[in-house]
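This report covers two topics: a pocket and a pair of packed helices. The sequence and structure come first.

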Amino acid sequence: MKCKEMGGAGGGNDIQWCFSQVKGAVDDDVAEADIISTVEFNHSGELLATGDKGGRVVIFQQEQENKIQSHSRGEYNVYSTFQSHEPEFDYLKSLEIEEKINKIRWLPQKNAAQFLLSTNDKTIKLWKISERDKRPEGYNLKEEDGRYRDPTTVTTLRVPVFRPMDLMVEASPRRIFANAHTYHINSISINSDYETYLSADDLRINLWHLEITDRSFNIVDIKPANMEELTEVITAAEFHPNSCNTFVYSSSKGTIRLCDMRASALCDRHSKLFEEPEDPSNRSFFSEIISSISDVKFSHSGRYMMTRDYLSVKIWDLNMENRPVETYQVHEYLRSKLCSLYENDCIFDKFECCWNGSDSVVMTGSYNNFFRMFDRNTKRDITLEASRENNKPRTVLKPRKVCASGKRKKDEISVDSLDFNKKILHTAWHPKENIIAVATTNNLYIFQDKVN
Amino acid sequence: MEFKLEAHRIVSISLGKIYNSRVQRGGIKLHKNLLVSLVLRSARQVYLSDPCPGLYLAGPAGSPAMPPPPQQQQQQPGEPAAGPPAGWGEPPPPPPARAAWPEPEPQPERPAAPVTGAGDAPRGGEVEAAEAAWRRVEGAREAAEGGAAGPAGGSDGFPEGPRGTRRQCGCPPGAEDRPGAPGACPRLACCCAPRPAEDEPPAPPAVGPRKRGAAGVGGGPAGGPASGSSPLKKPRRNSEEQPGGAAAAAAEEEEMETGNVANLISIFGSSFSGLLRKSPGGGREEAEGEESGAEAAEPGQICCDKPVLRDMNPWSTAIVAF
């Protein structure tokens, strides 16, 4: 059923990726509030959530496609939009707290409603998204518009009934988990027990119960007694997909620590430490910055984890701590540009990475609205571009190539022409299908593999 | 040597970033500031470990051109000072004059800057230096409008900084305005000796309006045009000690140049000085989540080698202290 034609460099079983949809303003002038800051599919892939700098969450729902004539999979359309976080001011510290949504994580569906956690720098919220498609009518004491009737005018009684109405999707905050983080929250991760979750800031990781908002347990604390001795911070954390006692956290020094909550209440001592020795020939002023890990993701199987640092993606086998089993260079041609990238702050960009459903392909973003996929089996990689120029549905994306040095071939782009304002930091892969969501600054692109 | 120049530039960029982070929305980002301080530490180590900067001859007058923000790279091909693989292999650029710190050799009088017009040569030069320094501090606000601003929204790069610094020695990197004469400087091989009237208008387009503006505003007494920034600069100017009277003009000019740098240091205090100090001790308690203390400490007080520091010029004081 899937098209097996060669699609250029081909990533992932020679999939041909096609443009499907793009969401967001066409404007070149990007309003800061519209900058997308997180993208996440839910567990079934039917829902796709995005968070932005303005504190809003937009959820898209996939249309139920007609199974018989599946020319393409269903389109994603807006399902719900709500303001998750508002800007706040901490008067005690004279600090403004940004409303930007740092992460969204979906809970597995247990009933008709959907639940997700969204977080800004300081506060995590549990949102319930529910549908309402009928309403009660025929009250005795209330008019249809809600006004109360005078009981003396009631002459007969009737039983109210539910009547259908236009579908309404409501989002309501069910829990607010606040005041537990002194530093900026960078990660949230739901445990496989579906009852607890962790939240991580620069120096601490807290364990919460989804039902309890007034307390959390601190499980990792790397704050030194003297802040001047600080040498590393926590950059990302995630629970193991299957073992509810295991989680990992990555650091700005390029290390990943795996912790077992059964070992002790405070998991400051790791069970495993994953670290690759630095290549001394690559040493520069910026070695430390580029080794800082910006994202860590377990594979669906739980056997591997993937880390993203500035220039590469590394796959680690949980059973081997001293080096990754696979390393993929995302944009090695930037290594000679680190000083400029430091100047313009691009070197601090935090790229995320993701696995496909079968853990055979990994994807991450780059600059110039490029994103990269690496097929772990075939060892092939592909660079694609998210651009409105290819926006006819079912247009196959052409592989892109960056010319690092020397003569630039036709259709190649030289490093100097890359637009570093156009960065793809957030990508997500449908848990089951070959559908990907790629966020440029303020647009969300959806690509699918070519069907038929 | 090119390491030192690179390090010098990186230090000033880093200081600018830390300074800007204080006004960023959402509070100070611990992670980013930690990374910047690590870079600062590396650059400082290189900067301080290079023993004899004066011995490195400048071949060509041109030092590596300021790598422009990436989107302007078409103006300046290549990435000469970008990173070690590229940077290390380059011919050493003329080091800045101030690199020979303890020497109280007077810097030759600079000719009157044409733009400043009225006023004595040294005054004009000082004003320019003040302007340049002031512009650097103001760079954060201007970065959005300035031509040389970085691409990222809220970028706090300081492209002007090192350029302004190099103006101190009269050798702006572009070499577009300083055609050689490497042997001219009596003290150093850098082409900085007679301050030519190159500082101002011939600034390359990539440098942009800011540099021109810095010079263009000029004129008038030193106190005037710099008044916009004086709250920051004046106290430092007055309180900084001068290393040797003979170098009064040069030193004072240098001090103005670095005065705001030293000020930046004191403003954000001894953040992560545990990383940066050679020896432990000293330093202040950090408030939670707020690693930039705002205490106005003298830079010399942060490091324990106070007596030594007093003898060094403000720039190196700032480096060591930080």
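## Second largest pocket and a helix pair

In this predicted model, 33 residues line the second largest pocket, and A:Glu40, A:His43, A:Glu238, A:Phe298 and A:His300 are the ones nearest its centre. The space in this pocket is about 880 Å³. Seen by class, its lining is made up of 14 nonpolar, 12 polar and seven charged residues.

Several strands of chain A supply at least two residues each to that lining, among them E8 (103-106), E12 (187-190), E16 (234-239), E20 (295-298), E24 (353-355) and E30 (426-429). Strand E2(A) gives the most, with four residues.

In chain B, helix H1 (residues 2-21) packs against helix H2 (residues 30-49) at an angle of about 150°, and their axes lie 8 Å apart. Angles over 145 degrees count as roughly antiparallel, so H1(B) and H2(B) are roughly antiparallel to each other. The crossing of H1(B) past H2(B) is left-handed. On the H1(B) side the contact includes B:Phe3, B:Ile10, B:Leu15 and B:Ile18, and on the H2(B) side it includes B:Val36, B:Leu40, B:Arg44 and B:Tyr47.

The table sets out the residue classes for both regions.

| Region | Nonpolar | Polar | Charged |
|---|---|---|---|
| Lining of the second largest pocket | 14 residues | 12 residues | seven residues |
| Contact of H1(B) with H2(B) | 13 residues | four residues | three residues |

Terms used. Residues are numbered from 1 along each chain as its sequence is written. Chains are lettered from A and ligands numbered from 1 in the order in which they are written. This is a predicted model: local features need pLDDT of at least 70, side-chain atom pairs count only at pLDDT 80 or more; totals for chains, interfaces and linings use all residues. Side-chain values use heavy atoms; hydrogens and water are left out. On a 1 Å grid over the protein atoms alone, a cavity is a set of points where a 1.4 Å probe fits but cannot get out, and a pocket is an open set with protein on both sides within 12 Å along at least five of seven lines; lining residues have an atom within 4 Å of a point. Grid points are joined across faces, edges and corners, and a volume is the space filled by probe spheres set on the points. Ala, Val, Leu, Ile, Met, Phe, Trp, Tyr, Cys and Pro count as nonpolar, Asp, Glu, Lys and Arg as charged, and the others, Gly among them, as polar. Axes are lines fitted to C-alpha atoms, for helices over the stretch in contact, and angles run from 0 to 180 degrees between N-to-C directions. Angles under 35 degrees count as roughly parallel, over 145 as roughly antiparallel, 65 to 115 as roughly perpendicular and the rest as oblique. A crossing is left-handed if the near helix is turned anticlockwise from the far one by less than a right angle, and right-handed if clockwise. Contact means heavy atoms within 4.5 Å.
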